[in-house]
Every structure is written in structure tokens, then in C-alpha cells.
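Hello,

Here is the structure we discussed, with the sequence. My notes on it follow below.

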Amino acid sequence: MKMLNEMFPSYNIQANVNLGNYTNTRVGGPADWCFWPKTQHELQQVVLFANEANLPITVLGNASNLVITDDGRQGVVIFLTEMHQIKVFQNNIIAEAGAWIIDVAQMAYDYSLTGLEWAAGIPGSIGGAVFMNAGAYGGQIDQVVQSVDVITPMGEIKTYPVADLAFGYRHSLVQETGDIIISATFAMQSGKRAEIGSKMTDFNERRAQKQPLEFPSCGSVFKRPTGYFAGKLIMDSGLQGCQIGGAQVSTKHAGFIVNRGQATGSDYVNLISHIQDVVYEKFSVNLETEVRILGRK
Ligand SMILES: Cc1cc2nc3c(=O)[nH]c(=O)nc-3n(C[C@H](O)[C@H](O)[C@H](O)COP(=O)(O)OP(=O)(O)OC[C@H]3O[C@@H](n4cnc5c(N)ncnc54)[C@H](O)[C@@H]3O)c2cc1C
């Protein structure tokens, strides 16, 4: 059978790519293949080929909510960052999966549409935000999503209305189906531009004050356990500043693990499990990761 790049010579496909160059943490080993589709058609063609060839597929947006281990990733890693069109139609915004949620929030502001102010500082894509049901400051993506278009693992295009997406805390149906999100439609409300702008500024100032934005990271590492705050449990366990290799529990926000320079995927994985052990020992609370840990196996 032909190799992926021989099959699609005009597509942006590269072999043996170091994923650490593309993740927000700056850690991660090699992917067998990376593919940056420019169109839905290109994406569909590669999905169909990968299925035929039994090539595992991993779809990434801005890689801001995951840790990739040092062994990297098998098969083809698809980055949707080149599919980033955003359109406004009356009070609806239609955004391709690779669009930055920050740009979508900015577009909403430009058109005086309210509902995405909370997302103004989240460094992820629309696909990643829908997949994770991202949220902040009382807002969450499921409050504004109207429908989501996907390519199914069999290569078919399908539209899910919001009611079918089983959204929950940092959960969506897509986490179980293996669908690839290609675009989302948001039902916004018309609002006052100045008020939208000042909310966005306020949220971004709060973010800069509390979060270690000066270092590479993957955001909050753990989900909020019922009745607790992960960051406070970690702080009260005396773990703030704790470092394994180049990965460190942020001294600014204990829920973040920052890369202090030369961190590896193993440093991240080892520090995550050390935190889970210590917090469990002290408080009998299981910290579940919000970030996805992806490796070769
Ligand atoms: C400094 C910082 C602050 C953050 N603040 C917040 C916050 O306030 N609230 C919050 O919720 N998150 C926050 N995050 C986490 C992250 O930015 C969001 O979850 C974001 O929505 C993830 O998008 P992404 O494109 O980076 O996803 P990725 O990290 O690329 O992917 C995350 C998961 O989604 C899957 N995925 C991505 N795109 C698709 C697609 N098109 N189809 C199918 N699956 C897909 C991936 O396979 C992966 O499993 C923060 C991160 C950082 C670094």
C-alpha cells in the first residue's frame, strides 16, 4: 500500500514530526505523520484512506489541553489549524473547527453579539472547546452552541443539534464517538458592544493576574472534584512549586503545571501522578485529569 504522502502529494503531510513543536506545553515525542488539511474535502479523503489502511487518527486543535508523552503518537495526527473560517449570519456565528475561540469571541464583539465574552482568553480552537465543553467565569460552550458538524469515523458528514451532544462538565458526546468536529454554529444574543468589550477586558485581566501565562502550560490540569477546588487541594498539600525535571506546579496557580524550560512528557506524567498520590493521601480525594494524556499506546 502507498504511504500517506505518496497518496496525497499536494496535501500538507509530513513524516516523523516532533509534536513538542506544536503543543502548548512544548512537550511531546514524534508523530508518524502530521497532516494540516486546508479543506473539508482534504480531511475527508485522508480519513477514508486512514480507515482503509488501519492508520490511527488523532485530531488536534491548538494542543492547549493535553500532554503528549515522549514516545509520541502512532498513525496520523491531524491539525485543524488551517481550517479557521468564521462567518456571521444575523445572530449566528459559524466557525470552522480550527478557528481560535479567541478570534470567535473577538468577532462576536465586533458584531455586538453577547455570549462568548468568557472565552476571550482561552488559547484553544473551536473543535477543542466543543470537545472539552470549555468554560470560564460562569460561561460554557454548551450555553451558546446551536449545532455541530462532524466527520464520522466512517468519513460521513453529520450534524448534531445541541440536544444530542450530551454536554456535561468538561464532557461532550464527541469524546465517545470518535467524530471529528469540522464546524460549530453558535446562537448569540445581540448586546451592547461597550459592555461586551469591558467584560472581555475584565476576564482577561483576571486571567493574567491569576494564571502563569508567562510559561508554557496546558491550563488547569485537573477537573474540579465535587465540593473542592483542585488548586486549593494541591496548595494545601504543600505541593506548590514542587518540580520534577522541568515540570513544576505553578507558584502562581497550583492547578497549572508549567514547563520551566526543559520539561519532558515523562516529567509531566510523573508530576501529575505524584500530585494525585499526595492529594489522595492527605484528603482522600481523587483528582481526575481534565487534560488528556496521549501517547503511542
Ligand atoms: C493558559 C491556559 C488557559 C486555559 N483556560 C481555560 C479555561 O478558562 N477554560 C477551559 O475550559 N479551558 C481552558 N484551557 C484549556 C484549553 O485551552 C481549552 O480546553 C481549549 O478549548 C482546548 O482547545 P484545543 O484546540 O487546544 O484542544 P486540543 O488540546 O488540541 O485538544 C483537546 C482534546 O480535544 C480533541 N479535539 C480537538 N479538536 C478536535 C476536533 N476538531 N474534533 C474532535 N476532537 C478534537 C483532541 O483530540 C483532544 O483530545 C486553558 C489552557 C491554557 C494553556
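The ligand has 35 residues around it, and those that come nearest are V59, N62, S64, S125 and G135. Please keep in mind that this is a predicted model.

Two of these residues also make backbone contacts with the ligand. For V59, a backbone N or O atom lies 2.6 Å from an oxygen atom of the ligand. For G135, a polar backbone atom is 2.7 Å from a nitrogen atom of the ligand. G128 has a polar backbone atom as well, 3.4 Å from a ligand nitrogen atom. As for how much of the ligand is covered, its accessible area on its own is 970 Å², and the protein covers 94% of that.

Which elements build the shell? At least two residues each come from β3 (57–60), α4 (126–132), β9 (135–136), β13 (180–187) and β15 (217–220). Among the contributors, α4 has the largest share, with five residues. By residue class, the shell around the ligand holds 18 nonpolar, 13 polar and four charged residues.

Next, the domains. The domain assignment splits the protein into domain 1 (4–79), domain 2 (86–208) and domain 3 (212–294). Set against those bounds, β3 (57–60) falls in domain 1, α4 (126–132), β9 (135–136) and β13 (180–187) in domain 2, and β15 (217–220) in domain 3. The shell around the ligand therefore draws on each of the three domains, going by the assigned bounds.

I also looked at how domain 1 and domain 3 meet. Their centres, taken over C-alpha atoms, are separated by 27 Å. On the domain 1 side 14 residues are in contact, and on the domain 3 side 18. Between them, domain 1 and domain 3 bury an area of about 1,300 Å², with carbon and sulfur atoms giving 57% of it. Within domain 1, T25, N65 and V67 supply 42% of the area buried against domain 3, more than any other three residues.

Regards

Definitions and conventions:
Residues are numbered from 1 along each chain as its sequence is written. This is a predicted model: local features need pLDDT of at least 70, side-chain atom pairs count only at pLDDT 80 or more; totals for chains, interfaces and linings use all residues. Side-chain values use heavy atoms; hydrogens and water are left out. A residue is near a molecule or strand if one of its heavy atoms lies within 4 Å of it. A polar contact is a pair of N or O atoms within 3.5 Å; within protein, one must be able to donate a hydrogen and the other to accept it, and residues adjacent in sequence count only if both atoms are side-chain atoms. Accessible areas come from the Shrake-Rupley method with a 1.4 Å probe; for residues, only the protein chains shown count as cover. Helices (H or I, at least four residues) and strands (E, at least two) are DSSP runs, numbered from the N terminus. Ala, Val, Leu, Ile, Met, Phe, Trp, Tyr, Cys and Pro count as nonpolar, Asp, Glu, Lys and Arg as charged, and the others, Gly among them, as polar. Contact means heavy atoms within 4.5 Å. Buried area is the accessible area (1.4 Å probe) that two parts lose on being put together, summed over both.
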